[in-house]
Amino acid sequence: MIKTWFITGTSSGFGRNLTELLLERGDRVAATLRTPSRLDDLAARYGDQLWVRALDVTDTGQIRYVVDAAFAELGRIDVVVSNAGAGVLGTAEELSDAHIEGAIATNLTGSIQLARAVVPHLRAQGGGRILQLSSMGGQMSFPGFSLYHATKWGIEGFYDAFAPEVEPFGIHTTLIEPGVIRTPFFAAAVREPEHPAYADNPAITREDIPLQRMPGDQSKVVGAMIRIAELEQPPRRQLLGSDAYTLVRDALTQRLEAVEAQREIALTTDADDFQPAATR
Ligand SMILES: NC(=O)c1ccc[n+]([C@@H]2O[C@H](COP(=O)([O-])OP(=O)(O)OC[C@H]3O[C@@H](n4cnc5c(N)ncnc54)[C@H](OP(=O)(O)O)[C@@H]3O)[C@@H](O)[C@H]2O)c1
């Protein structure tokens, strides 16, 4: 059956590749991006199958306007893909105020406001799917990438609580958690000037990874996203890539061990008259 998709950040990488694959198989795509002319070639080839609008996800008013227009003009939208995002490489001390605000506005606030804008429409039509691009970096971290992790851990926390709020309406959400994938993402990432005090710390991520040394394949990730959106019961989270699977499994194992090590002190701070059964 032909489906209709709404996607942010369709100028390059996953967003552009997903738009191409969906159009090729006959689906309809509402493609949004900061520079609509970058889809002129697809617009010429696919006509009415492709609906294109300008959208900078840091502009909440524009998110609401474009989402409302898409549902009004296209009717039902089956899958929303919150994909737009950007990286900033630099230690906490190296980050500029403008880059902190920009990354949070794009990756975190933009994603939250997109979710809030689409939910009333998905609820009114009786359900739908939302794929939110997170990262393996939404569950583990690399020193030198703290700002990006703050945005991806942030959106993970939002969706963790948001998913059970909207599932009773037939709205299923999945956090997509890729490892390092061969897209223009790292080439496009902002790199802060290095502070000499951090120059000798080998733990800090700075090196440019050549595309061939990145484990993940862009089209395979996009193919997996399509399959996940079509599952009867999609998972709330999906890791993609052997690096994502191994690094997140190791990080969570270590965190669970750390939780167990905290047990003795954690259990000393309840009020003397606290009765667990009476709390809810
Ligand atoms: N590639 C990876 O290894 C990897 C791993 C985990 C997660 N991810 C996530 O995957 C998503 C897509 O990234 P990608 O790998 O496909 O890289 P990409 O090719 O750099 O794509 C990023 C997209 O986001 C758009 N974007 C950035 N800021 C925007 C804004 N304010 N408003 C609207 N669009 C904006 C970019 O548009 P412009 O052309 O206008 O800048 C571009 O279309 C991101 O959320 C990223 O965090 C990527």
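## Exercises: a ligand shell and some salt bridges

Glu-177 is buried, at a relative accessible area of 1% (buried means under 20%, exposed over 50%, partly exposed in between, with a 1.4 Å probe and protein chains only). Keep in mind that this is a predicted model, where local features need pLDDT of at least 70, side-chain atom pairs count only at pLDDT 80 or more, and totals for chains, interfaces and linings use all residues. Residues are numbered from 1 along each chain as its sequence is written, and side-chain values use heavy atoms, with hydrogens and water left out.

**Exercise 1. Find the salt-bridge partner of Glu-177 and say where the two residues sit.**

Step 1: Look for a salt bridge (a side-chain nitrogen of Lys or Arg within 4 Å of a carboxyl oxygen of Asp or Glu). Glu-177 pairs up with Arg-237, and their closest N and O atoms are 3.5 Å apart.

Step 2: Place them on the chain. Glu-177 belongs to strand β7 (residues 171-178) and Arg-237 to strand β9 (residues 237-240), so the pair links distant parts of the chain, 60 residues apart (strands are DSSP E runs of at least two residues, helices H or I runs of at least four, numbered from the N terminus).

Step 3: Check the cover. Arg-237 is partly exposed at 31%, while Glu-177 is buried at 1%.

**Exercise 2. Do the same for Glu-73 and Arg-53.**

Step 1: The closest N and O atoms of this salt bridge are 3.1 Å apart.

Step 2: Glu-73 sits in helix α3 (residues 60-74) and Arg-53 in strand β3 (residues 50-54), 20 residues apart.

Step 3: Glu-73 is partly exposed at 48% relative accessibility, and Arg-53 is partly exposed too, at 30%.

Step 4: For the overall tally, a search of the whole structure turns up 14 salt bridges.

**Exercise 3. Work out which polar contacts hold an oxygen atom of the ligand.**

Step 1: Use the cut-off for a polar contact: a pair of N or O atoms within 3.5 Å; within protein, one must be able to donate a hydrogen and the other to accept it, and residues adjacent in sequence count only if both atoms are side-chain atoms.

Step 2: Go through the distances to a ligand oxygen. A polar side-chain atom of Thr-183 lies 2.6 Å away, an N or O atom in the side chain of Ser-12 is at 2.7 Å, and a polar backbone atom of Phe-14 is at 2.8 Å.

Step 3: Ask how much is covered. The ligand taken alone exposes 890 Å², and the protein buries 92% of that (Shrake-Rupley method, 1.4 Å probe; for residues, only the protein chains shown count as cover).
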